[in-house]
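The following paragraphs offer a guided reading of a protein structure for a student at the start of the subject. Please keep the sequence and the model in view while reading.

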Amino acid sequence: MEHGIYLVTLVGAALVVAAAFSSLIAFRFGAPLLLLFLCIGLATGTDGLGIHFDNARFAYFAGSLALAVILFDSGFGTPLNALRQAAGPALSLATFGVLLTTGLFGAAAYYLLDLTWLESFLLGAAVASTDAAAVFFLLRAGEINLRERVRSTLEVESGTNDPIAIFLTITLVEVIAANTHPEAKVLVTDLAVGFLVNMGLGAVIGILGGMAIVRLVDRLNLDHGLLPIFVLTLSLMVFAAAGAVGGSGFLAVYLAGLIAGNSDIRAVTILKRFQDGMSWLAQIIMFLILGLFATPSQFPAILVPAVLLGLFLIFVARPVAVWLCLVPFRLPRPEVAFVSWVGLRGAVSILLAITPLLGGLENGRLIFNTAFIIVLVSLVIQGWTVGPLARRLGLIVPARLGPLDKVELELPGSAHHELLAYRVAPGSPVARGERIPRWARPSLVLRDGRSMRFQDMGRLAAGDHVYIFVPDRYPRLLDKLFASRAVVDPEDADFFGAFAVDPSRSAEELETAYAPGLTEAERKLTIGDLVTARLGGHAEYADRVLLGPIELIVRDVDDKGRIAGLGLSFEPTAPVARVPVFLSAGEIRDRIAAFIRNRRKPAEARAVEAVAEIEPVPQPVEKTTGEG
C-alpha cells in the first residue's frame with residue numbers, strides 16, 4: 001500500500017514536470033502548448049507507456065474542478081473596460097454562436113457518422129465552445145501585439161461560452177439517456193426554459209458570491225499566505241452552490257471572478273500571482289488526465305470522418321456562425337475573419353465528450369473519440385497559424401511601451417496603496433528629465449548600492465531603482481514614464497504616418513489642406529472628434545480612418561478613451577488583406593444601395609432610348625409648289 005502511494009506520486013509529479021518543461025519547447029517553436037500536454041497524456045496512457053486509466057467519473061470530476069479554477073482566474077483577470085468594449089459581439093458569439101455552431105456541425109455529423117440526429121447535435125454541442133487558453137498562450141509565445149478590440153472579444157467570448165455549451169451537452173445527454181423522442185417544438189421549448197433557469201440562477205449566485213468574496217477578504221484579517229487559498233476555496237464554493245440548486249456553476253464562478261477582480265479587493269497582487277500559478281496547474285492536470293483517458297488505438301476506425309468534421313468545423317461551421325453573429329456590429333472584415341479562425345477547441349470539448357460515457361449512451365465512446373480527434377485537428381491547424389494570420393490580416397500593432405522593469409509590492413495594513421519598484425531604463429522619459437506626477441510619492445532611490453531620499457537625488461539616471469507609493473488602480477502613466485522607447489520593427493516604421501496631427505485642431509483645416517470631402521457637420525468638429533465619430537464612437541490605439549487622399553492613425557489614447565495623438569499618412573500603410581466575405585450589416589446595406597443605383601442607371605438610359613424611338617424628332621417640312 002505504502003509503495004503504491006509513492007509510485008503514484010512519483011508518476012504524477014513526473015508528468016506535471018514533463019508538462020512544465022514542454023512549455024519551453026512551445027515558447028521556442030510557437031507550438032500549441034495544450035497540444036503538447038495532450039500528447040504527453042497520450043504517450044503515457046494505455047497505448048503508450050501502459051498506464052491504464054479508464055475512470056470516466058474521476059476524469060470528469062477532476063476536469064470540472066480544474067475548469068472552475070481556470071474560469072475564476074479568467075474572470076478575475078478580465079478588466080471591465082474590456083468587457084464593455086466587447087460585450088455585444090462576445091455575448092452574441094457566446095450564445096447564438098454556440099447554437100449555430102451546434103446546429104451546423106450536428107447536421108454534418110449526422111451524414112458522416114452513424115449517429116442519430118440528437119447524438120449528432122450532442123457532438124456538436126460538445127465541440128461548440130472555444131478554448132482561449134491555447135489562443136492567448138500562442139499570442140504571448142509569438143510576441144503578438146494584437147488589436148485590443150479583437151483580444152477583448154476573444155477573451156470575453158471564451159469566458160462566457162463554456163457554460164452554454166455545457167448546458168446544451170448535459171441536457172441532450174439526459175434526453176438521449178431517457179430514451180424518449182420528444183417533438184422538436186417541445187424539445188426547443190424545454191431547452192429554452194431550462195437555459196434561462198440555469199443561466200439565471202448561475203448569474204445571480206455568481207454575482208452574490210463575488211460580492212461576498214470581496215467583503216469577506218476585506219473584513220477578515222487573514223495571513224497573506226492563507227488569503228489566496230481562502231479566495232480559491234470560496235470560488236469553488238460558489239461553483240458548487242450554483243450547481244447544487246440547478247444553476248450553471250461555470251457561469252457563476254466566472255462572474256464571481258469578474259466581480260472580485262474589478263473591485264478594490266485586498267492583496268490583489270498576491271491573489272493574481274497565486275491564481276496564475278493555479279490556473280497553469282489546473283490546465284496541466286486537466287489535459288494530462290484527458291490525454292490518459294483517451295485510447296489512440298481506437299482512433300483509426302473513425303479517423304477519416306472525424307478529420308473531415310474537424311475541417312468542416314474550422315472552415316464552415318465556425319466562420320458561418322461568427323459572420324451571422326457579428327453582422328449587426330460594424331467590425332472590419334479582417335477582424336471578423338480572425339475571430340472566426342481563432343476558434344480553437346480544447347479541454348472543454350474533450351471534457352464534455354465524457355458526459356455521454358457517464359450517461360451510459362450506446363455511442364458514448366464514438367462521440368468521445370471523435371471529439372478528441374477534432375480537438376487535435378483544431379490545435380494543429382489553427383494553433384500554428386494564429387500568428388501568421390494576424391500579421392496577414394493587418395491586426396498586429398507596434399508595441400506601445402519598450403522594456404519595463406517593475407515590481408509590485410502589496411503593503412501590509414494598507415488596502416488602498418501599493419509600493420512599486422521601478423528600474424530607470426535608458427532612454428525612458430524620466431531618464432530624459434520628465435517629472436513624476438504629484439499623486440505618486442517617491443520615497444527611496446538606490447544608486448550604485450547606496451540608498452538616498454528622492455529629494456536629495458536630483459535628476460534620475462539610467463539604472464536607478466526608484467520606490468514609489470501610489471494609490472491602487474493607478475494610471476498607466478507611470479509605466480510610460482519609466483519604460484524605454486519601444487523598438488519598432490523596420491516593417492512598422494511608417495505604421496503611424498508621416499507626421500503628427502494635433503487632435504484638438506479643427507477638421508476644417510483638413511478640408512482646406514487636403515479636400516477629403518467632409519460634410520458641413522464634420523467640418524465643425526475637432527480632428528479627434530471626427531476620427532472618433534468615424535470609428536463609431538470609440539477610438540482605440542492603432543485604429544485607422546481613411547479620408548479621401550489621406551489616412552489618420554490613432555497614435556495614443558488617454559485613460560478616458562479620448563484620442564491623445566494622431567498620425568497622418570498620404571497612403572494606406574497597414575498591410576490589410578482583402579477578405580471577400582464577412583461583410584457587416586452596414587457594408588451589406590451600402591452594397592445593396594450601390595447595386596440598386598447601378599441597376600437604375602441603365603434602366604433610365606433604356607427608358608430614354610425607348611421614348612426616342614416612339615417619339616422621333618420631327619423633321620423640317622419641305623415647302624412644295626402647286627401646279628396649275
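Which residues in α14 meet which residues in α15? On the side of α14, the residues are Ser349, Ile350, Ala353, Ile354, Pro356 and Leu357. Their counterparts in α15 are Gly364, Arg365, Ile367, Phe368, Ala371, Phe372 and Val375. The model is a predicted one, and every value given below is computed from it.

Two packed helices are described by the angle between their axes and the distance between the axes. Helix α14 covers residues 347-358, and α15 covers residues 364-381. The angle at which α14 and α15 pack is about 170°, and their axes are 7 Å apart. Angles over 145 degrees count as roughly antiparallel, and α14 and α15 are therefore described in that way.

A second pair of helices may be read by the same method. Helix α7, made of residues 148-177, packs against helix α10, made of residues 249-261, at an angle of about 155°. The axes of α7 and α10 lie 8 Å apart. The angle makes this pair, too, roughly antiparallel. From α7, the residues Val156, Gly159, Thr160, Pro163 and Ile166 take part in the contact. From α10, Phe250, Leu251 and Tyr254 meet them.

It is useful to place these pairs within the whole. The protein has 628 residues, and its secondary structure consists of 21 helices and 9 strands. Buried residues account for 48% of the residues. The exposed area of the protein is about 31,100 Å², and 62% of that area is supplied by carbon and sulfur atoms. Among contacts between residues at least 6 apart in sequence, 75% join residues at least 24 apart.

Individual residues illustrate burial and exposure. Is Leu191 buried or exposed? Leu191, which lies in helix α8 (residues 184-219), has a relative accessibility of 18% and therefore counts as buried, since the term applies under 20%. Neighbours within four places in sequence aside, Leu191 is in contact with Phe167, Leu168 and Thr171. The C-alpha atoms of Leu191 and Leu172 are 9.1 Å apart in space, while the two residues are 19 apart in sequence.

Leu10 provides another case. Leu10 belongs to helix α1, which runs over residues 2-29, and with 57% relative accessibility Leu10 counts as exposed. Together with Leu7, Val11, Leu49 and Ile51, Leu10 makes a nonpolar surface patch of about 460 Å².

Attention may now turn to charged side chains. How many salt bridges does the structure hold? There are 8 salt bridges. One of them joins the side chains of Asp54 and Arg365, with a distance of 3.4 Å from N to O. Asp54 is in the loop between α2 (33-44) and α3 (56-76), whereas Arg365 is in helix α15, so the pair ties together parts that are 311 residues apart in sequence. Arg365 is also among the α15 residues that meet α14. Both partners count as partly exposed: Asp54 has a relative accessibility of 47%, and Arg365 has one of 23%.

Another salt bridge links Arg447 and Asp464, whose closest N and O atoms are 2.7 Å apart. Arg447 is part of strand β3 (residues 441-447), and Asp464 is in the loop between β4 (450-452) and β5 (465-471), so parts 17 residues apart in sequence are tied together. Asp464 is buried, as its relative accessible area is 2%.

A further salt bridge is formed by the side chains of Glu522 and Arg534, at 2.9 Å from N to O. Glu522 is in helix α19 (residues 520-523) and Arg534 in helix α20 (residues 527-534), the two being 12 residues apart. Glu522 counts as buried at 16% relative accessibility, whereas Arg534, at 39%, counts as partly exposed. In addition, Glu511, Glu520 and Arg523 are joined into one network by salt bridges that share partners.

The last residue to consider is Ala515, located in the loop between α18 (507-514) and α19. Ala515 is not a glycine, yet its phi is positive, at about 50°. Its relative accessibility is 53%, and Ala515 therefore counts as exposed.

Terms used: Residues are numbered from 1 along each chain as its sequence is written. This is a predicted model: local features need pLDDT of at least 70, side-chain atom pairs count only at pLDDT 80 or more; totals for chains, interfaces and linings use all residues. Side-chain values use heavy atoms; hydrogens and water are left out. Patches are made of residues with over 30% relative accessible area and no salt bridge: like charges are joined within 9 Å, nonpolar side chains (Val, Leu, Ile, Met, Phe, Trp, Tyr) within 5 Å. Accessible areas come from the Shrake-Rupley method with a 1.4 Å probe; for residues, only the protein chains shown count as cover. A salt bridge is a side-chain nitrogen of Lys or Arg within 4 Å of a carboxyl oxygen of Asp or Glu. Helices (H or I, at least four residues) and strands (E, at least two) are DSSP runs, numbered from the N terminus. Buried means under 20% relative accessible area, exposed over 50%, partly exposed in between (1.4 Å probe, protein chains only). Axes are lines fitted to C-alpha atoms, for helices over the stretch in contact, and angles run from 0 to 180 degrees between N-to-C directions. Angles under 35 degrees count as roughly parallel, over 145 as roughly antiparallel, 65 to 115 as roughly perpendicular and the rest as oblique. Contact means heavy atoms within 4.5 Å.
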